[in-house]
Amino acid sequence: MIVVAGEALIDLVPQGTGALAALRPALGGGPYNTAVALGRLGSPTAFCSRVSYDAFGEALLDRLRETGVDLAPVQRGSEPTTLAVASVDAEGSAAYSFYVEGTADRLFSVPASLPSGTRAVSFGTCSLVLEPGASAYEELLRRTAARGVFTALDPNVRAGLIADPDAYRARFESWLPSVTLLKLSAEDAEWLGGTPRQWLAAGPAAVVVTRGGAGLTAYTRDGGEYTVPGERVDVVDTIGAGDTVNAALLHGLAQRDALSASALAALGAEGWRGLLGFAARAAAVTCSRAGAEPPYAHEVAG
């Protein structure tokens, strides 16, 4: 079982140009997209979050059910669902503004336990920024790592939500001793101001940096550096692409029985390039269609 911990929200995606373009609601949130992608790839997955009882919340949970994701760790609340208004540029890249005050996912509390058989827990995005939930997710990260469970972190930086960038950067660094696999975009890396080697020295067994169409690179503690190119595809938009990479990495590691720091160290060049290539293929499928629509296993086989 891979547990994904973090927010579920609604992306409002413009269907034209201009400030008053019609908005199409789409199910989203970085951790939510990761859970859906894991389910579609065939990994036993559970979602750990707090979700509203409103209509958006019900729709979010319906897709998880359809994908086979275990909802036992989901907390519920009467508060509204978080909204993220997307804007998509000519290259298909998305930027967001958020409506987060008083929303359900901010009131997440640390669960007493996680599902039996949990082999990995994934964290990231808005859930590690917005209090009081951020402190609860942070505590869950530290507890999970202390029990020796594989942890993955995708900070997926949303700068517009971060009131004090320096405080967030310091907090990010404080998480690293509890992280087994750090995955982030080149844009995240630039904003955070560190390097893969600096982050590896702080705790993770491996760091994966995504560079959009330019591909992905994995850095390992033993000095390894493994790169694969991106898959060529006609990009509709990039919504959910990074989340798909996150899911593909976790799924691929689970398939290789490599959800541990020692197993990451033993992957070697062939193992890493195979894993990264799989993640690149999965992300390309997501980019080829509108919204966060990650692939099913048969779409990325081979």
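Where in the chain is Thr125 found? Thr125 sits in the loop between E9 and H3, and that loop is a good place to return to once the overall picture is clear. Keep in mind as you look around that this is a predicted model.

Let's start with the whole chain. It has 9 helices and 14 strands. A compact globule of 302 residues would have a radius of gyration near 19 Å, and the chain comes in at 18 Å, so the two agree. If you line things up along the principal axes, the C-alpha atoms fill a box of roughly 50 × 45 × 40 Å. Of the 302 residues, 57% are buried. Contacts reach a long way along the sequence too: take the pairs that are at least 6 residues apart, and 69% of those contacts join residues at least 24 apart.

On the outside, the accessible surface adds up to about 12100 Å², with 52% of it belonging to carbon and sulfur atoms. As for charge, there are 23 positive and 32 negative side chains, and the centres of these two sets lie 5 Å apart.

Now go inside. The largest nonpolar core has 53 residues, and the ones with the most contacts inside it are Phe47, Leu64, Phe150, Leu253, Trp272 and Leu276. Helix H9 (residues 268–287) supplies the largest share of this core, 9 residues. Apart from this core lies another one, of 39 residues, including Val129, Tyr137, Phe172 and Val207. Back in the 53-residue core, Trp272 is worth clicking on: leaving out residues up to four places away in sequence, Trp272 touches Ala206, Val208, Ala218, Thr220, Tyr226, Leu264 and Leu267.

Another residue to zoom in on is Leu184, in strand E11 (residues 181–185). Leu184 counts as buried because its relative accessibility is 0%. Which residues surround it? Setting aside neighbours within four places in sequence, Leu184 is in contact with Asp154, Pro155, Ala189, Leu192, Trp199, Val207, Val208, Val209 and Thr210. Pro155 from that list is 29 residues away from Leu184 in sequence, yet their C-alpha atoms are 6.5 Å apart.

That brings us back to the loop between E9 and H3, and to some backbone geometry. Most residues other than glycine have a negative phi, and most peptide bonds are trans. Thr125 has a phi near 65 degrees, a positive value in a residue other than glycine. Thr125 is also buried, because its relative accessibility is 6%. Pro132 lies in the loop between strand E9 (120–124) and helix H3 (133–146), and the peptide bond leading into Pro132 from Glu131 is cis, with omega near 5 degrees.

Ser127 belongs to this loop as well. With a relative accessible area of 5%, Ser127 is buried. Beyond its neighbours within four places in sequence, Ser127 is in contact with Ala5, Gly6, Glu7, Pro31, Gly133, Ala134 and Tyr137. For a sense of the sequence span involved, Ser127 and Gly30 are 97 residues apart in sequence and 9.2 Å apart in space, C-alpha to C-alpha.

One last stop is Asp257, in the loop between helix H7 (241–255) and helix H8 (261–266). Asp257 has a positive phi too, about 55 degrees, although it is not a glycine. Is this residue buried or exposed? Asp257 counts as exposed, because its relative accessibility is 59%, whereas Thr125 counts as buried at 6%.

Methods. Residues numbered from 1 in each chain as written. Predicted model: local features only at pLDDT ≥ 70, side-chain atom pairs only at ≥ 80, totals over all residues. Heavy atoms only, no water. Helix = DSSP H or I, 4+ residues; strand = E, 2+ residues; numbered from the N terminus. Rg over C-alpha atoms; globule rule 2.2 N^0.38 Å. Buried < 20%, exposed > 50% of the residue type's maximum accessible area, 1.4 Å probe, protein only. Contact = heavy atoms within 4.5 Å. Areas by Shrake-Rupley, 256 points an atom, 1.4 Å probe, with all protein chains shown as cover. Lys, Arg positive; Asp, Glu negative; His and termini not counted. Charge placed at Lys NZ, Arg CZ, Asp CG, Glu CD. Core = buried A, V, L, I, M, F, W, Y, C linked by side-chain atoms within 4.5 Å.
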